[in-house]
Amino acid sequence: MSQVKESDNIIQLDFSEEMKNSFRDYAVSVIVERALPDVRDGLKPVQRRILYAMKELGLSPDKPHRKSARIVGDTMGKYHPHGDSSIYEALVHMTEDYSLNTPLVDGHGNFGSIDGDGAAAMRYTEARLSAAAMTMLENLEKGLVEFGPNFDENEREPLVLPAMMPNLLINGTTGIAVGMATNIPPHNPGEVIDAVIAYMDRPGISIQKLMDYVPAPDFPTGGIITNASELPAIYEHGEGKIKIRARTVIEKGENGRTNIVITEIPYTVSGNKTKLVENLCSLVKERVFEEIFDVRDESSKEGIRVVIEVKKGRDIENLLNGLYKKTQMEDTYGVNLLAISGRQPRVFNLKTMIEQFVLFQEDLYTREYRFLLEKAKKRQEIVEGLIKATDVIDLIIEIIRGSSSIRQAKDCLIEGKTDGIQFRLETSRKQAATLLFTEAQADAILAMPLGRLIGLEILKLHEEQENLAANIAQYENILSDVKELYKVIKARLRQYKKKFGRERRTELADVQAKAYVEEVKIEDIFVCIDRFGYMKAMDEAAFTRASDEAKQEYPHILKMKNTDRICLFTNLGNMFQIRADKLPKCKIKDKGALVHTLCRMSNDEDALLYTAFEDLYESMLLFATKGGYIKLVSGAEFETNRGQIAATKLEAGDEVCGVTVLTAGDVLAGTKKVILLTEKGLSLGFPVGEVSELKKTSRGVKAITLEAGDSLTFSTAVEQDAETFEYEGKTLNAKRVRNRKRAVKGQKANLEQLN
């Protein structure tokens, strides 16, 4: 840190200390002012400001919708200067009936869908407050909550909304702050209200008893909670994981097939159903589930309907186990009951969260009834003054007529001052001196129209006085007795339950996850490999329909089972395995997939032999290398589940030049001979029975003595009396290859090409 003169008016600070303090301030601001909800009203600051701005715009449920852009503009300009996109996203979220049990905003227009479609731009959509939002805003004018200055201190905004309904538990919320996050699931409105009432009746109630009323979250998308036995621990500690499963029904399909129909999806997929459908389709395309014939989304306004069409005769329960394991048909919801209380983040359990709401209600209702009591007393004062005035109305009229100003008449009514007022009789002056109205009464008398002197109007004043006296007594009783206060709170909560309550949608169960047993129908397939290394699989019917001319384009055609795997041996001494179900199913004219993309074979590596493992297991492999080494290896040695193994041992700089499949009978009977060709044109032949059988990890034995600069380029095995053999697309005369002992120089390969 550089030294700075004091005269420069620069404050010297330790960099690490400044960073620590600044980051702490930033973290606190994000936690309290942006990302986490208040435990009292269950809202984040942006949501609270949107609802308040809509209240200020007069967008109650009985008023027309207003452009979302206007709402966002007012919110951003007055209360939340953090960007219009974040405000609009919060507004859109509060309209989603698939995310909230009681949406707080009534949207008009395209506000997105459960599929994952985004909302239209804010200039196109309109919104207004919902009935549920009014339970959080109706009593703002009664001074129930504290207000504070906005960001530029030109406006005032509520620090919390007077929520009369337990919004945090009913709608839930999510939020990510600095070093912490909240994830509160939504609950059934009627169940939560019943639990709040039960707590007010018995404040010492246990969490287990509260769960008789709130047994589990109730997601707006329904579904099935499969770990119900773990919920008590989650509600006790305020965190844990809930497993949610899609609800399915089994229906009969066409052509003997069976349909698995998804009617409810996990809440975690809410707002992104298309991703679930795409995931299912990709698993079918990649042949992860051979049992599935087709997947289609038939959802509509009537509800969700995703149809999984299953092939005839397949195990439905086993397939469902696989779908639950490999797709979002079963997902996990991480619960973290974290919220702000007293400007501090805190993890709550079910009881403490309800307790905080009840304490908030006590404060709200106490303020409400103090407001009502004060208002009733003020009105009582005025009504009493008006009744008293009607008894001496002639005197009051004389005072008003004799006064030179309103102030003079008012002083006479309040303090009995008669100086300067002209009375017709001296007795009237004496009576006027005895009037002692309050200032509020005097204002009401002077503003009273003559129509109030009608007898019926006077009778109404007496009735109002009686009602006010009864109301004041009721308010004082409620404020003096917490039990009476609770009666009022519970009565209003029961009204909300009647208005917003509904049947539970999410089912509770304890289901043990079952393993998926892959079910594959065994059938013959044909694997076609062209000269460029592209391979594809075809079923037997498609291969049979293909023309002979088309088949001639493929130098390698293998017939194998769809449960088998292809083994391919390369010049670098490796064996690669490719499962048949990983091969692309194509038509004869389709290109297929390059072998290098289906296994880990390098680009400079060439395949010498393709064979099915089922054929390989019962066979013998003849290996020959460019260095002149040769050996026989049992195919059983290549049984492995690994995708790549070393097939043979090679000396430095050596390569495999030939791999030939032989039967065990060929080796034992000695009916075949080995033919070797070198780069310089030498040839050598000898019975295959002379080749030693060795392990795949061995190098082999010397088969031919090579001249300097020469190398073995070709090896094969043919019948002892064979006339010809194939070499590099040519048909050569096998009789020209004389039988020699191994490890000797080969004869000049003056081999005749046959036409």
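This passage walks through a helix, some salt bridges, two backbone oddities and a sheet in a predicted model.

Helix α14 is a handy place to start. It spans residues 406-415, and 7 of its 10 residues are buried, so the helix is largely enclosed by the rest of the structure. The buried set consists of Q408, A409, K410, D411, C412, L413 and I414. As for what does the covering, the elements over these buried residues include α13 (393-402), α15 (426-432) and α16 (439-447). Just past the end of α14 comes G416, whose phi is positive at about 75°.

One of the helices covering α14, namely α15, carries a salt bridge of its own. Here E426 pairs with R429, with 3.8 Å between the closest N and O atoms. The two residues sit 3 apart in helix α15, which means that about one helical turn separates them. The general geometry fits: an α-helix has 3.6 residues a turn, so residues three or four places apart point the same way. R429 counts as partly exposed, at 25% relative accessibility; the cut-off for buried is under 20%.

Moving on to salt bridges elsewhere, the structure holds 41 of them. Side chains of opposite charge can pair when their charged atoms come close. R245 and E330 form one such bridge, and their closest N and O atoms are 2.7 Å apart. This pair links distant parts of the chain: R245 belongs to strand β9 (residues 239-245) and E330 to strand β14 (residues 330-336), with the two positions 85 residues apart. R245 has a relative accessible area of 11%, so it is buried.

A further bridge joins the side chains of E651 and R699, at 3.1 Å from N to O. Both partners are in loops: E651 lies between β27 (644-646) and β28 (656-663), while R699 lies between β30 (682-687) and β31 (701-702), so the bridge ties together parts that are 48 residues apart in sequence. Both ends are partly exposed, E651 with a relative accessible area of 35% and R699 with 33%. Beyond simple pairs, there is also a network in which salt bridges with shared partners join E251, R257, D294, R296, E298, R305 and E309.

Next, the backbone. Most residues other than glycine have a negative phi. N255 is not a glycine, yet its phi is positive, at about 55°. This residue is placed in the loop between β10 (247-252) and β11 (258-264). With a relative accessible area of 62%, N255 is exposed. R343 is another case: its phi is near 60°, again positive in a residue other than glycine. R343 is found in the loop between β15 (338-341) and β16 (344-347), and at 54% relative accessibility it counts as exposed, the cut-off being over 50%.

Finally, the sheet. It is an open one of 4 strands, running in the order β20-β18-β19-β23 with antiparallel pairing. Its edges are β20 (556-561) and β23 (593-594), each of which pairs on one side only. Zooming in on one edge, β20 pairs with β18 (residues 524-529) in the antiparallel sense, over 6 bridges. Within that pairing, V527 has L558 in β20 as its bridge partner.

Methods: Residues numbered from 1 in each chain as written. Predicted model: local features only at pLDDT ≥ 70, side-chain atom pairs only at ≥ 80, totals over all residues. Heavy atoms only, no water. Buried < 20%, exposed > 50% of the residue type's maximum accessible area, 1.4 Å probe, protein only. Contact = heavy atoms within 4.5 Å. Salt bridge = Lys/Arg side-chain N within 4 Å of Asp/Glu carboxyl O. Pairing = 2+ DSSP bridges.
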